[in-house]
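Thanks for coming. I will take a few minutes to walk through one structure, and I will define the terms as they come up.

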Amino acid sequence: MQQDDSQGVPPQRQAPPQEHLISTVEKGPFCSAACSCGWRGPARRARGRARADAAAHREA
């Protein structure tokens with residue numbers, strides 16, 4: 001028989017890491033990045049800047 005030292009406390013489970021699904025949204029002359037986690041980047045005139053914001057968010 002195994003001895004349990006946790007005194008009735010269930011083991012901690014880690015939630016699986018949430019995958020960040022990022023897309024860009026264009027509205028008029030502006031483009032912004034949006035993520036499935038709820039993050040939203042600032043409106044940019046250049047798509048490349050919006051993609052860079054998204055890449056920085058994914059790395060954070």
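I will start with the overall layout, then go to the helix, two single residues, the salt bridges and the cysteines.

First, where this comes from. This is a predicted model, in which local features need pLDDT of at least 70 and side-chain atom pairs count only at pLDDT 80 or more, while totals for chains, interfaces and linings use all residues. Residues are numbered from 1 along each chain as its sequence is written, and side-chain values use heavy atoms, with hydrogens and water left out.

Now the layout. The protein has one helix and two strands. Helices (H or I, at least four residues) and strands (E, at least two) are DSSP runs, numbered from the N terminus. Read from the N terminus on, the order of the elements is β-β-α.

Next, how much is covered. A residue is called buried under 20% relative accessible area, exposed over 50%, and partly exposed in between, with a 1.4 Å probe and protein chains only. Of the 60 residues in the protein, 17% are buried. The exposed area is about 5400 Å², and carbon and sulfur atoms supply 50% of it. Those areas come from the Shrake-Rupley method with a 1.4 Å probe, and for residues only the protein chains shown count as cover.

A word on contacts, which means heavy atoms within 4.5 Å. Taking the contacts in the protein with a separation of 6 or more, 10% are between residues 24 or more positions apart.

On to the helix. Does the span of α1 agree or disagree with its 13 residues? The expected span of a helix is 1.5 Å times one less than its number of residues. For α1 that gives 18 Å, and the end C-alpha atoms are 19 Å apart, which agrees.

Which residues of α1 are buried? They are A50, D53, A54 and H57. These residues cover an arc of only 95° around the axis, so they sit on the same side of α1. The arc is taken from the directions from the helix axis to the C-beta atoms. R51 and E59, on the other side of α1, are exposed. The cover over the buried residues of α1 includes β1 and β2.

Now one residue from each strand. S32 is in strand β2, which is residues 30-35. S32 has a relative accessible area of 8%, so it counts as buried. Leaving aside neighbours within four places in sequence, S32 is in contact with S23, T24, V25, R40, G41, P42, A43 and A50.

V25 is in strand β1. At 32% relative accessibility, V25 is partly exposed. Not counting residues up to four places away in sequence, V25 touches F30, C31, S32, A34 and R40. R40 is 15 residues from V25 along the chain, and their C-alpha atoms are separated by 10.0 Å.

Then the charged pairs. How many salt bridges are there? With a salt bridge taken as a side-chain nitrogen of Lys or Arg within 4 Å of a carboxyl oxygen of Asp or Glu, the count is two.

One of them joins R47 and E26, with the closest N and O atoms 2.8 Å apart. R47 lies in helix α1 (residues 47-59) and E26 in strand β1 (residues 22-27), so the pair ties together parts that are 21 residues apart in sequence. R47 is partly exposed, at 45%, and E26 is partly exposed, at 48%.

The other salt bridge is between the side chains of D53 and R44, at 2.8 Å, N to O. D53 lies in helix α1 and is buried, with a relative accessible area of 16%. R44 is partly exposed, at 23%. Apart from neighbours within four places in sequence, D53 is in contact with W39, P42 and R44.

Last, the cysteines. A disulfide is a covalent bond between the sulfur atoms of two cysteines. The cut-off here is a pair of cysteine sulfur atoms within 2.5 Å. How many disulfides does the structure hold? Zero. For C35, the nearest cysteine sulfur is that of C37, 3.6 Å away, and C35 is in no disulfide. C37 is in no disulfide either. C35 is buried, at 10% relative accessibility, whereas C37 is partly exposed, at 35%.

That is the end of my part.
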